[in-house]
Amino acid sequence: MNRHLLSMNDLDREDIESLLATARVDFLDLSKRDIKKVPTLRGRTVIDLFYEKSTRTSTSFELAGKRLSADVINVKADSSAVGKGESLKDTTLTLNAYRPDIIVIRHPHVGAAAFVARFTEAHVINAGDGMGEHPTQCLLDIFSLQQEFGELGGLKVAIVGDVLHSRVARSNIIGFQKMGMKVTLVAPPALLPRGVEALGAGVANSLDALEDMDVIYLLRMQKERHEDANYLPSMREYIARYQVGLEHLGGGRKVLHPGPINRGVEISAALADSGENLILQQVEAGLAVRMAIMYRIIVDNAAAAVEAAGETTAGASEAEVKNIHAVG
Amino acid sequence: MSGVFVKTVVSADQLGRTIVRISHEILEKDQDPGQLALVGIHTRGAHLAHRLAKLIEQFTGREIAVGELDISLYRDDVAARGSLTVRSRLAQPEIKGTNLPFGIDDMTIVLVDDVLFTGRTIRAAIDALFDYGRPSCIQLAVLVDRGHRELPIRPDFVGKNLPTSQDERINVRLSEVDGKDEIVLEATREEVES
């Protein structure tokens, strides 16, 4: 992995496969043990810096850090010096003085994670930057799809709903296509970003397009980001035309949703309550994938630093790779 | 002139006989097969554990619990070597993690590895085991003990003692992973005698 995880553009397909293999092999079953902890990041410090409300992302990052034995501190904007007017730069510099190894940041503005990365030596993980990106969500979605479908190449996925305001959609359009999936965006024109075709995804304005799909990826209707304009004539009309329910399933089609769901808006109550969606599998995957991200961001970069320092003699590394289990 | 010196120190036949002997020694020491479990350390230790279990089953007519342990998350050099471990594991066609399909509480666990060197892998394996339960005792079986211990760890069952120098390398090859059984000594020498 690179030094930071800010965008799905930071990873190529090989990186994604390798990272998710780590999640599957090393971390998925950890939660089923009585002792749900490994000593891998003992002594490391993780700061979770959250400027937006979050349940699953913040709890899963906190749990992931703790289960890796790191010391985890949660800083919530509403109960910190941020409320006293401290800037993001000053908060970062302050936290950086504690020498954390990883800073996880969730912020309402695009580019906030990249901004934080400029002022700290820690590895920065973007846990959602406004309408920018949410790469760890994308990775756990890819993981959940792999668990369900195996090989993802050629799979057809519709991303349905409030694409305009969705960082999840942005990361998933990038990530799903890297995995060889065909992506179609399904939304009323007002909820599609201008020039979205440039990202390579197809566009449809009706749920009829779902007929052809293997996966339906539902987005949350982000009503809190609708205050600046009227994007929809009425919620009732949106529901009538774009709500996905059990009637849209069939042919092994699976439904994903990043949560939290708006029951009765983008997803029908019947679909939300049925076993036909992968929502809870996504939550479970989120923990394993975030553990893998923290583990790999530390070990990959540490190993790269050792190699760069020339401590690994030329030629030895390949032999070591082959014999790593034989020499201990 | 420098060159790589390679020598087969244990042949396939010898290796087979050595494994049979270790299985007898385990049975001699641990007489209740019901309380016995073999846990192999990935990758080659796991294959050795399965071979030993099969032999013990033949001798006793009773099934022996076998598991596999991956110690990557318990290494003491996560920062420096962790990534190499990750990459080497991902290079394997079918990577597997820890698999202990039985409770280890109150069992006699025989850890199995191919080469015993510094002892650090075994330290990590013991730590990992304790996160799965509380065995009544842990023993260690290795195919090769090459010396150079850095921790106070000693094997209970040894296939072959092969005194080596630090810059030599012992490669255990097993048919399950390498296509054939043998133990090879590799050394880089400044001068190769003719």
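The following exercises, with worked solutions, concern a predicted model.

Residues are numbered from 1 along each chain as its sequence is written, and chains are lettered from A in the order in which they are written. Local features need pLDDT of at least 70, and side-chain atom pairs count only at pLDDT 80 or more, while totals for chains, interfaces and linings use all residues.

**Exercise 1.** Determine where the largest nonpolar core lies.

*Solution.* A nonpolar core is a set of buried Ala, Val, Leu, Ile, Met, Phe, Trp, Tyr and Cys residues joined through C-beta atoms within 7 Å. Buried means that 20 or more other C-beta atoms, placed from the backbone, lie within 10 Å of the residue's own. The largest such core has 138 residues, and Ile159(A), Val160(A) and Met294(A) have the most contacts inside it. Helix 9 (residues 279–308) of chain A gives the most, with 13 residues. Domain 1 (8–134 + 286–310) and domain 2 (135–281) of chain A both give residues to this core, so it lies between them; the domain bounds come from an automatic or database domain assignment.

**Exercise 2.** Find which side of helix 4 of chain B holds its buried residues.

*Solution.* Helices (H or I, at least four residues) are DSSP runs, numbered from the N terminus. In helix 4 (residues 120–130) of chain B, the buried residues are Thr121(B), Ile122(B), Ala124(B), Ala125(B), Ala128(B) and Leu129(B). They cover an arc (of the directions from the helix axis to the C-beta atoms) of only 160 degrees, which puts them on the same side of helix 4 of chain B.

Methods: A residue is buried if 20 or more other C-beta atoms lie within 10 Å of its own, exposed if 12 or fewer, and partly exposed in between; C-beta atoms are placed from the backbone. Helices (H or I, at least four residues) and strands (E, at least two) are DSSP runs, numbered from the N terminus.
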